[in-house]
Amino acid sequence: MTQNRQGLSRHIPEPTKKLVRKACGYGCVVCGSIPYDYDHLKTEFNVAEEHDPDDIVLLCDKHHRQKTARILSAERILDAKRHRSSLDSETRFKLELIRDDFLTIWGSNVITASNNSIMVDDEPILTLTKTDNDLEPLLISGHFRDKTGNLICAIKENEFVARSAQLGDFTVISNRFTYSMPDGSTGLAFTLDDQKIHISSAFHTKSDAHVAVNDDLLQVGNLFSAMRFRRSRFLQNQTAISVGTCCDQFSFDHVDLSRIAGGEMVECVASHSAVGVFVAGRDRPKITSNYDRL
Ligand SMILES: [Zn+2]
């Protein structure tokens with residue numbers, strides 16, 4: 001049924017959904033978790049005449065079931081919604097049972113699970129730690145920042161945590177996560193499953209060093225210079241990419257990137273080294289250039 005007996009479409013208009021997401025702190029109003037569904041609270045959908053944002057809440061599966069079973073009352077859920085909208089509330093999402101060969105994909109560039117995916121000014125965006133625990137063989141931790149250096153979301157041992165005050169909007173549609181900034185720009189977009197995270201939009205900045213992803217392109221750089229990658233692979237590096245500030249020195253698996261025409265590498269492979277790409281700070285040790293290895 002696409003319409004109820006009042007002629008109301010089941011489809012909730014996007015502007016209404018956006019109001020609901022914000023009022024619910026971008027997660028289940030009771031526990032803050034995602035994924036969630038939009039649920040008409042006091043007025044059942046089949047008799048509703050309009051999609052009233054004040055009467056719609058985000059509920060996870062567990063709390064939706066408790067509401068349907070009348071364990072959780074509408075009043076209690078509305079209280080929870082008021083509480084979340086009045087706070088700088090947290091949204092949480094826990095990854096479960098991820099594989100130990102988990103991939104991080106930045107645009108069209110693939111990084112295999114080995115220690116630090118990308119370091120920016122000595123802070124890892126994503127760190128992958130292998131454990132002896134069969135239930136959680138791999139733990140992901142890190143931070144995503146926006147283009148002004150503010151935190152978008154933190155990841156601690158497979159749990160993503162975003163704070164509502166920093167966001168203009170945050171949507172989860174199937175396994176696609178999109179964080180929008182208060183100015184309407186996309187701060188971060190990725191799809192996530194138990195085998196990979198695929199980042200399609202990001203502009204992570206810290207102390208003038210940046211990592212940017214736009215569709216298939218990955219760019220790393222600082223105030224002085226930048227390097228771009230397409231369809232490249234980083235395999236079993238301790239750190240796939242490390243970007244510092246204040247220097248134009250680039251190395252790729254011990255190759256001097258300043259000698260690559262156009263500053264863009266396509267379909268290259270870095271493997272079995274400490275750092276796939278290294279954009280050094282002035283006071284950091286230099287990696288010896290070896291152009292012949294390309
Ligand atoms: Zn819940």
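These questions and answers go through a predicted model of one protein chain.

Q: How many helices and strands does the protein chain have?
A: The model is predicted, and the chain in it has 294 residues, of which 34% count as buried. Its C-alpha atoms fill a box of roughly 75 × 40 × 35 Å along the principal axes. The elements in the protein chain are three helices and 24 strands.

Q: What share of the residues score a pLDDT of at least 70?
A: Confidence is not even along the chain: over residues 282-294, pLDDT stays under 50. For that stretch the model has 20 contacts beyond four places in sequence. The average pLDDT of the protein chain is 83, and the share of residues that score at least 70 is 91%.

Q: What percentage of the contacts with a separation of 6 or more is between residues 24 or more positions apart?
A: The count takes in contacts in the protein chain whose residues have a separation of 6 or more. Among these, the part from residues 24 or more positions apart is 60%.

Q: How far apart are the C-alpha centres of domain 1 and domain 2?
A: Domain 1 covers 14-87 and domain 2 covers 103-293. Six residues of domain 1 are in contact with seven residues of domain 2. On the domain 1 side, the touching residues are three nonpolar, one polar and two charged. The distance between the two C-alpha centres is 35 Å.

Q: Which two residues touch the most other members of the largest nonpolar core?
A: In soluble globular proteins, nonpolar side chains tend to be buried together. The largest nonpolar core here has 63 residues. Because domain 1 (14-87) and domain 2 (103-293) both give residues to this core, it lies between them. The members that touch the most others are Val 29 and Val 277.

Q: Which residues of strand β2 does Val 29 touch?
A: Strand β2 spans residues 56-59. Leaving out residues up to four places away in sequence, Val 29 touches Cys 24, Ile 77, Ala 80, Lys 81 and Arg 84, among others. Its contacts also include three residues that fall in β2: Val 57, Leu 58 and Leu 59.

Q: Are the residues Ile 56, Val 57, Leu 58 and Leu 59 of strand β2 buried or exposed?
A: Ile 56 and Leu 58 point one way from strand β2, and Val 57 and Leu 59 point the other way. On either side the state of these residues is the same: all are buried.

Q: What is the bridge partner of His 40 in β2?
A: Strand β1 (residues 37-40) and β2 run antiparallel and are joined by four bridges. His 40 has its partner in β2, and that residue is Ile 56.

Q: Which residue does a cis peptide bond join to Ile 34?
A: The bond has an omega of about 5°. The residue joined to Ile 34 is found in the loop between α1 (14-23) and β1. That residue is Pro 35.

Q: Which are the edge strands of the open sheet of 10 strands?
A: The order of the sheet is β3-β10-β9-β8-β7-β6-β19-β24-β20-β21, with mixed pairing. An edge strand here pairs on one side only, and two strands do so: β3 (90-94) and β21 (255-256).

Q: Which residue in β9 stands opposite His 143?
A: Strand β8 (residues 138-145) and strand β9 (residues 151-156) run antiparallel, with four bridges between them. Opposite His 143, in β9, stands Ala 154.

Q: Why does Ala 189 count as partly exposed?
A: Ala 189 lies in strand β13 (residues 186-192). Not counting residues up to four places away in sequence, Ala 189 touches Phe 177, Thr 178, Ser 200 and Ser 201. A residue is buried at 20 or more neighbours and exposed at 12 or fewer, so Ala 189 counts as partly exposed because its C-beta neighbours inside 10 Å number 17.

Q: Is Asp 215 buried or exposed?
A: Asp 215 sits in the loop between β15 (209-214) and β16 (217-221). Although Asp 215 is not a glycine, its phi is positive, about 55°. Because 9 other C-beta atoms lie within 10 Å, Asp 215 is exposed.

Q: What is the phi of Asp 121?
A: Asp 121 has its place in the loop between β6 (115-120) and β7 (123-130). With 18 C-beta neighbours inside 10 Å, Asp 121 counts as partly exposed. Asp 121 is not a glycine, yet its phi is positive, at about 50°.

Definitions and conventions. Residues numbered from 1 in each chain as written. Predicted model: local features only at pLDDT ≥ 70, side-chain atom pairs only at ≥ 80, totals over all residues. Contact = placed C-beta atoms within 7 Å. Domains from an automatic or database assignment. Nonpolar A, V, L, I, M, F, W, Y, C, P; charged D, E, K, R; others polar. Pairing = 2+ DSSP bridges. pLDDT = per-residue confidence, 0-100. Core = buried A, V, L, I, M, F, W, Y, C linked by C-beta atoms within 7 Å.
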